[in-house]
Amino acid sequence: MILDEIVADKKRRLIEIVQQIPLEKIRKEAEKEAHSNKNTPKRSFYDALKAPGLSIIGEFKKASPSLGTIQSKILLTERMEEYNASVDAISCLTEEDHFHGNIDYLKQIRIMSPLPILRKDFMIDEYQFYEAKAIGSDAVLLIAAILDDVQMKDFYQLARELGLDVLVETHDEAEMERALRLDARIIGVNNRDLRDFTIRLDTTRRLSKMVPDDKVFVAESGIVKDEDVRYLLDSRVDAFLIGRAFMEAENPKQLARHWKQL
């Protein structure tokens with residue numbers, strides 16, 4: 001199963017990363033980042049998605065197991081200019097082996113954008129949360145499919161202590177129940193099944209019935225055309241996380257603004 005392979009590769013990567021920058025050092029860098037931001041306006045991922053109307057998270061990724069290498073039609077600097085003018089938050093893939101991501105991309109984006117940034121990765125170790133804070137992230141992703149209840153609770157608490165918002169990602173009813181027991185403020189449904197990477201938009205519609213009104217509800221993956229947006233808007237979605245459509249678009253700003261007006 002591809003998900004198991006991704007997690008196994010992430011574990012190997014972490015061994016190498018920790019050897020280069022020990023946990024204690026990255027923890028100090030995270031604390032320094034948290035302290036240095038005390039006198040600056042807070043970038044809230046939660047508030048950006050909670051705002052009235054449809055919010056959009058514009059993603060930056062270089063590749064994926066389902067799409068292969070993505071040929072972006074515009075430079076990163078141009079993309080950030082367009083995102084800054086049209087979306088509400090940014091998602092940056094940092095997984096190296098299967099999505100060709102890197103924390104350096106997030107560092108570059110942090111300089112280019114005032115928007116809240118989600119570090120999108122397969123978070124399986126406390127080290128990654130300190131690293132996320134140290135590199136300028138405002139939120140992290142917790143994927144219920146790769147974590148048990150104890151890990152989810154501990155990682156959620158650690159992220160919040162670091163001042164990071166958390167998007168808890170679910171794929172089915174059992175995972176949604178776990179996210180609700182965690183009392184997560186932001187709950188996402190990934191329409192892409194991470195076991196075989198098939199996409200079913202009705203996953204969001206089906207699971208939306210379980211989500212209380214006081215939660216921020218995010219639809220992820222498979223949103224590529226007007227019909228997809230209209231279909232999911234009927235599911236009480238607060239925000240869309242969109243990757244492929246924006247990465248392949250010559251003018252993501254125009255596309256984001258168009259979808260917000262549907």
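Helices here are DSSP runs of H or I with at least four residues, strands are DSSP runs of E with at least two, and both are numbered from the N terminus. Everything in these views comes from a predicted model.

**View 1. A one-turn salt bridge inside helix 11****.** Helix 11 covers residues 244–248, and both E248 and R244 sit in it. They are 4 residues apart, about one turn of the helix. Zoom in on the side chains and you find a salt bridge between E248 and R244, with the closest N and O atoms 3.5 Å apart. How accessible are the two partners? E248 has a relative accessible area of 35%, so it goes down as partly exposed. R244 comes out at 39%, so it is partly exposed too.

**View 2. K120 and E59 meet in a salt bridge****.** Their side chains come to 3.0 Å, N to O. What does this pair tie together? K120 belongs to strand 5 (residues 117–120) and E59 to strand 1 (residues 55–60), so the bridge joins parts that are 61 residues apart in sequence. Buried or exposed? Both K120 and E59 are buried.

**View 3. K260 reaches D88****.** This is another salt bridge, and its closest N and O atoms are 2.7 Å apart. It links distant parts of the chain: K260 is in helix 12 (residues 252–260), while D88 is in the loop between helix 4 (76–84) and strand 4 (89–93), 172 residues away. K260 has a relative accessible area of 31%, so it counts as partly exposed.

**View 4. A salt-bridge network****.** Some charged side chains here don't settle for a simple pair. Which residues are linked up in the network? They are K10, E96, R119, D121 and E131. For the whole structure, the tally of salt bridges is 24. Keep an eye on K10 and E131, because they turn up again in a helix contact below.

**View 5. Helix 2 against helix 6****.** Two packed helices are described by the angle between their axes and the distance between the axes. For helix 2 (residues 23–36) and helix 6 (residues 126–134), those values are about 40° and 7 Å. That angle is neither under 35 degrees nor within 65 to 115, so helix 2 is oblique to helix 6. The crossing of helix 2 past helix 6 is left-handed. From helix 2, the contact takes in L23, I26, R27, E29, A30, E33 and A34, and from helix 6 it takes in E126, Y127, Y130, E131, K133 and A134. Sorted by class, that gives 7 nonpolar and 6 charged residues, with no polar ones.

**View 6. Helix 6 against helix 7****.** Turn to helix 7 (residues 149–161), and the packing angle with helix 6 is about 20°, with the axes 10 Å apart. An angle under 35 degrees counts as roughly parallel, and that is why helix 6 gets that label relative to helix 7. Helix 6 passes helix 7 in a right-handed crossing. The contact is built from E126, F129 and Y130 on the helix 6 side and F155, L158 and A159 on the helix 7 side. By class there are 5 nonpolar residues, 1 charged and no polar.

**View 7. Helix 1 against helix 6****.** Here the helices pack at an angle of about 65°, and their axes are 11 Å apart. The crossing is left-handed. Helix 1 brings K10, L14, I17 and V18 to the contact, and helix 6 brings Y127, Q128 and E131. The breakdown is 4 nonpolar, 1 polar and 2 charged residues.

**View 8. D9 in helix 1****.** Helix 1 runs over residues 2–20, and D9 is part of it. The relative accessibility of D9 is 13%, which is under 20%, so D9 counts as buried. What does D9 touch once neighbours within four places in sequence are set aside? The partners are D97 and H98.

**View 9. F122 in its loop****.** F122 sits between strand 5 and helix 6. Its relative accessibility is 5%, so F122 is buried. Skipping neighbours within four places in sequence, F122 is in contact with L3, I6, K10, E95, F99, Q128, I143 and I146. For a sense of scale, F122 and D228 are 106 residues apart in sequence and 26 Å apart in space, C-alpha to C-alpha.

Conventions: Residues numbered from 1 in each chain as written. Predicted model: local features only at pLDDT ≥ 70, side-chain atom pairs only at ≥ 80, totals over all residues. Heavy atoms only, no water. Axes fitted to C-alpha atoms, helices over the stretch in contact; angles between N-to-C directions. Parallel < 35°, antiparallel > 145°, perpendicular 65-115°, else oblique. Left-handed = near helix turned anticlockwise from the far one by under 90°. Contact = heavy atoms within 4.5 Å. Nonpolar A, V, L, I, M, F, W, Y, C, P; charged D, E, K, R; others polar. Buried < 20%, exposed > 50% of the residue type's maximum accessible area, 1.4 Å probe, protein only. Salt bridge = Lys/Arg side-chain N within 4 Å of Asp/Glu carboxyl O.
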